[in-house]
Amino acid sequence: MLFIGMNLCSLLRKRCVLILIISFFVLITIVSADDDLPCYHCHTKVVNEFRNNIHYHKGFTCTDCHGGSTQSNTTSISIGVMSGDFIGGPTRNNITNTCSNCHVQEATDYKQSIHWEEIEKGHPEAATCTDCHGIHEIRAINDPKSLSNHQNSPTTCAKCHSNPEIMSAWYYGIKTDRFDTYKESFHWKALKSGYVVVATCADCHNNHDTKSHTDPTSSTYPDNLPQTCGKANCHPGTKFDAKIAAGLIHDKESLHTGRLVFNKTGMDVQMKSYYLGPFDLAYWIAIFFKILTAGVIGLFAGMVILDFLSRLRIYRRW
Amino acid sequence: MQKPRLLEVTEPEGSELTEGIAGEVLFKRFTFNQLVEHWVMIATFMLLVVTGMPVKFPDAWWSPVIINLVGGFEMRTHIHHFAGIGMVLLGIYHVVYHVFIDKEPLLERKVWPTLKDAGDFWQTILFYFGRAEHPKYGRYSWKEKFDYWGAFWGMVMLCVTGLIMLYPFVAMNYIPYAYVHLATIVHTDEALLATLFIFIVHWWNVHFSPEVFPMSKAWITGNLSEQQMKHEHPLEYEEAMRQMQTSEKP
């Protein structure tokens, strides 16, 4: 017994020392931490992200979005913060309300978008402010690392729009090849090579009031395309009777699978013919050139090889 | 050593022919005008291939390498546009010169494909398998005619679609966007075909083939030696000799 007791005793003593050392370091950390943000001690990762946030640089703190009291001191458990009107993480339906406290115009625009429409219909997966701007790491729009920077727009949109699970979550038929088809365009090829003054998603689909291309007020509605493409910095001088609409901007469909995709999405016949034209010419032209190239190069490369072989056999062929 | 004498086969009434042959004879193959056209073609074509292919294959590893090498994407685009306009002007000049300014009757040019070329084509294949004699070519062999008309067709396709792509929103006043999109397909696919043809077939014929290696100098001097003439264009050579003899007789 005595043996065990002594062992327990020394164990306890060791633990006491350990606890003392730990609490000492915790105290040091608490006191010495750069402490404008009392949430740091528990939400270290989040706060570190927040330090890259444009709002942090402008003097906002956690409580501006999450509610609660800013009067708490730097005790290790900030009960004060979590009191009062503390809301924690806002639900996806409420994020816009939080942002709209300051960003009134943006929120008003956003509330006309198909994303907000879907959220209101009860599909919280639809994009809200944080999906495009980041949750805690909201960078300035002209920061190259920003999710919503002009050149990062394709990858940001593709997070959801290339994801079949999200796209088929509320109704079948939103195409997941939007980014892939954008990659076929000259815009992407130029962007990828560092020429950033080309159109990305938000330039045509509008950044906040994104609407379906079947909506007559949408910037991508066929009748509105001349105006959209003819923006001052893009292709000015585009006439209103320019025949932009009679073709697919996301190319691949008319190239390869146009008919199939349109049949699947159940678009009405008039719209379909408006987009595809009477005949899927691109498909047949691509096939024609495949055959022509393979034929001509195959034939003549074959001749080159035969020519070479014939020289091995007949040194003087004349 | 005697200076090589130039034989103008296309102009048998020329004074040089009456003097007969002494020393080495050179045969006029291309006029200086044609040589310059070819040089401009080489320069613009190479620039266009180098600046165009990285966009045809944007995911290839060499694509960013080449784009950086020519000075970034914007510079690539400028080079491509300027070289393209150069090639369009060359095409217009070529057609205008050889149709309206060149005195030789249009339909009597030796560049038009004939039935003999179809026969020669078949005979060449048979020759490669050791079943026939090598066909005797006139001024232009069927390969050279195919080269020329292939380039002609390619120039028309590439210049028209290239101009559509250069001014897409001007083009869209007349044709739908779908056809501008078609232009990109036609332009890049035709360019790939032309590039492969030039680099594989044309370069083999005039550059890498053991017969001419390291190169056939006709593209610089515009002349062929008697030896080359006998080998490559025997019918034209015989014709030239006949003309020379008839002009020597009186």
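Begin by selecting residues 32-56 of chain B, which form helix H2. This helix of the predicted model has 25 residues and reaches 35 Å from its first C-alpha to its last, close to the 36 Å expected at 1.5 Å a residue.

Next, display the side chains of H2(B). Its buried residues include Leu35(B), Phe45(B), Leu48(B), Val49(B), Met53(B) and Val55(B). Polar or charged side chains such as Asn33(B), Glu37(B), Thr44(B) and Thr51(B) also belong to the buried set.

What covers these buried residues? From chain B, select helices H3 (62-69), H4 (72-101), H8 (177-208) and H9 (218-221), which are among the covering elements. Chain A takes part as well, through helix H12 (186-192).

Now colour the spans that the UniProt record, an unreviewed entry, labels "transmembrane region": residues 35-55, 79-100, 148-171 and 191-208 of chain B. Residues 35-55 of chain B are 100% helix and 0% strand, with end C-alpha atoms 31 Å apart. Residues 148-171 of chain B are 96% helix and 0% strand, and their end C-alpha atoms lie 29 Å apart.

Finally, turn to the enclosed spaces. The whole structure holds 2 cavities of 30 Å³ or more, and the largest contains about 40 Å³ of space. To find the largest cavity, select its lining: Phe300(A), Met303(A), Val304(A) and Asp307(A), together with Tyr128(B), Lys143(B), Val201(B), Trp204(B) and Asn205(B).

Which helix gives the most to this lining? Helix H17 (281-313) of chain A does, with 4 residues; H8 of chain B also supplies at least two. By class, the lining comprises 6 nonpolar, 1 polar and 2 charged residues.

Key:
Residues are numbered from 1 along each chain as its sequence is written. Chains are lettered from A and ligands numbered from 1 in the order in which they are written. This is a predicted model: local features need pLDDT of at least 70, side-chain atom pairs count only at pLDDT 80 or more; totals for chains, interfaces and linings use all residues. Side-chain values use heavy atoms; hydrogens and water are left out. The expected span of a helix is 1.5 Å times one less than its number of residues. Buried means under 20% relative accessible area, exposed over 50%, partly exposed in between (1.4 Å probe, protein chains only). Contact means heavy atoms within 4.5 Å. UniProt positions are given in the numbering used here, feature names are shortened, and annotations may be inferred rather than shown by experiment. On a 1 Å grid over the protein atoms alone, a cavity is a set of points where a 1.4 Å probe fits but cannot get out, and a pocket is an open set with protein on both sides within 12 Å along at least five of seven lines; lining residues have an atom within 4 Å of a point. Grid points are joined across faces, edges and corners, and a volume is the space filled by probe spheres set on the points.
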